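Here's a quick tour of one protein chain and the ligand it holds. Have a look at the structure first, then we'll start at the ligand and work outwards.

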Amino acid sequence: MKRTLSIVALALLVALALVSCAPKGPAEIVIGGVGPVSGEAATFGKSTQEGCELAVEEWNAKGGVLGQQIKLVYEDDKGDAAEGAAVWTKLIQQDKVVAIVGTVMSKVSLAGAPISEQYGVPMISPTSTNPSVTFADGKLREFVFRACFIDPFQGTVGAKFAYDDLGARKAAAIFDVGNDYTKGLSEFFRDTFIALGGEVVAFEAHATGATDFKAQLTKIVQAKPDVVYISDYYNDVALIAKQLRELGFTGPLVGGDGWDSPDLVKLGGEAVENGFFTNHYSKDDTRPEVQDFVRKYTAKFGAAPDALATLAYDAMNIMLDAISRAGSTEGVKIRDALKATDFAAVSGRTMFDEQHNPVKAAAIIEIKGGQQVYRTTVAP
Ligand code: PHE
């Protein structure tokens, strides 16, 4: 009897030892997040981080994905391409992320995309609108997706708004020549404005990091445009608008999603009044999924979500939905599931076209009395 017992005890011990030696599955699934938390447009990175965090928190509360909790490792790309490439590599090699949600600026996503491609780690950029992020040199980037519309559409919406709604016939544009997004967007605006029958009377480049735009803006004012298109990020938009107003231009200003920041009005004040921009969403959209999200986000972070926060939330949800449908954390399987996405995102139903771009509407926002006022939504 004693003998049997000790054999049982021994067997138990062996079994225990075997279990504890067996390779353990990862305790959690690690997802990378990337945004510019410092640098030239820091509100972008903070909003993006908050949107990612809220989505992950909600999934974890419901039991995570593939039965495991999700861990978000969020990195600051500082709005810089080289920094972006470095954090992409770090997330993949060191943190062993299975997917990346990021980043904001096209010029930085353009640095991350080839790295995702090389390692086969799928990425979805919430807000990089330059076409080349997912499709470059006539080739699709298989592992690269985005949650937003692209600049040919956004530039067209801006040009039509300037021509049809504002009645402008002469337009000028100013852009950052070192930034793929702002240069591309101004070009798309110009091409459509001309195709509509308008005239582009000035098309002025400035350097990245410039703070004095007087030389370009003097040329613009002398060309007597009805409207000035500014395709920069909010901090530059504020500076350009101020200097343009000082030079006597009182007409409307039009721009793109780069305007979206609570800091635009803080920095630009009166100068950005009579300003209009295309955006991915408006918090005043009455759709219940928008109002629901605005309520949840505001309760957690104390301010309404901007487009960056909303798209980061959407992008994270799209990625986690794909991992869940893939039933695996293998890059190729996640990629295939991403391709088959049909997701009811806050910013609109999301399905990808053959270049991994969702086809989505744009909102037009007016700056009036220091507030962002929702004007209309333009479908593609
Ligand atoms: N679309 C911008 C880019 O591609 C980034 C951006 C998106 C900025 C949304 C503000 C709001 O660089």
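Around the ligand there are 13 residues, and Ser106, Thr127, Thr129, Tyr233 and Asp257 come nearest. Keep in mind that this is a predicted model. After the ligand come the chain as a whole, a buried arginine, a loop serine and a set of salt bridges.

**The ligand and its surroundings**

- Ser106 puts an N or O atom of its side chain 2.4 Å from an oxygen atom of the ligand.
- Tyr233 does something similar, with a side-chain N or O atom 2.7 Å from a ligand oxygen.
- At Thr129 the ligand partner is a nitrogen atom, and the distance to an N or O atom of the side chain is 2.8 Å.
- How much of the ligand's accessible area does the protein cover? On its own the ligand has 320 Å² of accessible area, and the protein covers 100% of it.

**The chain as a whole**

- You're looking at 12 helices and 16 strands in the chain.
- Measured out along the principal axes, the C-alpha atoms fill a box of roughly 105 × 40 × 35 Å.- Of the 380 residues in the chain, 54% are buried.
- The chain exposes about 15,700 Å², with carbon and sulfur atoms supplying 56% of that area.
- Take the contacts between residues at least 6 apart in sequence: 67% of them join residues at least 24 apart.

**Arg141, a buried charge**

- Arg141 sits in the loop that runs between strand S6 (139-140) and strand S7 (144-146).
- Which side chain of opposite charge is nearest to Arg141? That would be Glu117, at 5.8 Å, and Arg141 is buried yet has no salt bridge.
- What the Arg141 side chain does reach is the backbone oxygen of Val133, at 3.1 Å.
- Leaving out residues up to four places away in sequence, Arg141 touches Leu110, Ala113, Pro114, Glu117, Ser132, Val133, Thr134, Ala136 and His356.

**Ser38, in a loop**

- Ser38 belongs to the loop between strand S1 (28-35) and helix H2 (42-61).
- Buried, exposed or partly exposed: which is Ser38? It counts as partly exposed because its relative accessibility is 26%.
- Its side chain makes a polar contact with the side chain of Asp76, at 2.6 Å.
- Once neighbours within four places in sequence are set aside, Ser38 is in contact with Asp76, Lys78 and Gly79.
- Ser38 and Asn179 are 141 residues apart in sequence, and their C-alpha atoms are 17 Å apart in space.

**Salt bridges from helix H2**

- How many salt bridges are there? The count comes to 22.
- One of them pairs Glu50 with Lys46, side chain to side chain, at 3.3 Å from N to O.
- Both Glu50 and Lys46 lie in helix H2, four residues apart, which is about one turn of the helix.
- Glu50 counts as buried because its relative accessibility is 11%.
- Glu57 meets Lys300 in another salt bridge, at 2.6 Å from N to O.
- Glu57 lies in helix H2 and Lys300 in helix H10 (residues 288-301), so this pair ties together parts that are 243 residues apart in sequence.
- Glu57, at 40% relative accessibility, counts as partly exposed.
- Lys300 is partly exposed too, with a relative accessible area of 37%.

**Salt bridges in helix H10 and a network**

- Arg295 and Asp292 form a salt bridge, and their closest N and O atoms are 3.2 Å apart.
- Arg295 and Asp292 are separated by about one helical turn, because they are three residues apart in helix H10.
- Arg295 counts as exposed, at 54% relative accessibility.
- Asp292 counts as partly exposed, at 38% relative accessibility.
- Elsewhere on the topic of shared partners, salt bridges join Glu142, Arg335, Asp336 and Lys339 into one network.

Note on methods: Residues numbered from 1 in each chain as written. Predicted model: local features only at pLDDT ≥ 70, side-chain atom pairs only at ≥ 80, totals over all residues. Heavy atoms only, no water. Helix = DSSP H or I, 4+ residues; strand = E, 2+ residues; numbered from the N terminus. Buried < 20%, exposed > 50% of the residue type's maximum accessible area, 1.4 Å probe, protein only. Lys, Arg positive; Asp, Glu negative; His and termini not counted. Salt bridge = Lys/Arg side-chain N within 4 Å of Asp/Glu carboxyl O. Polar contact = N/O pair within 3.5 Å; in protein donor to acceptor, adjacent residues only side chain to side chain. Contact = heavy atoms within 4.5 Å. Near = heavy atom within 4 Å. Areas by Shrake-Rupley, 256 points an atom, 1.4 Å probe, with all protein chains shown as cover.
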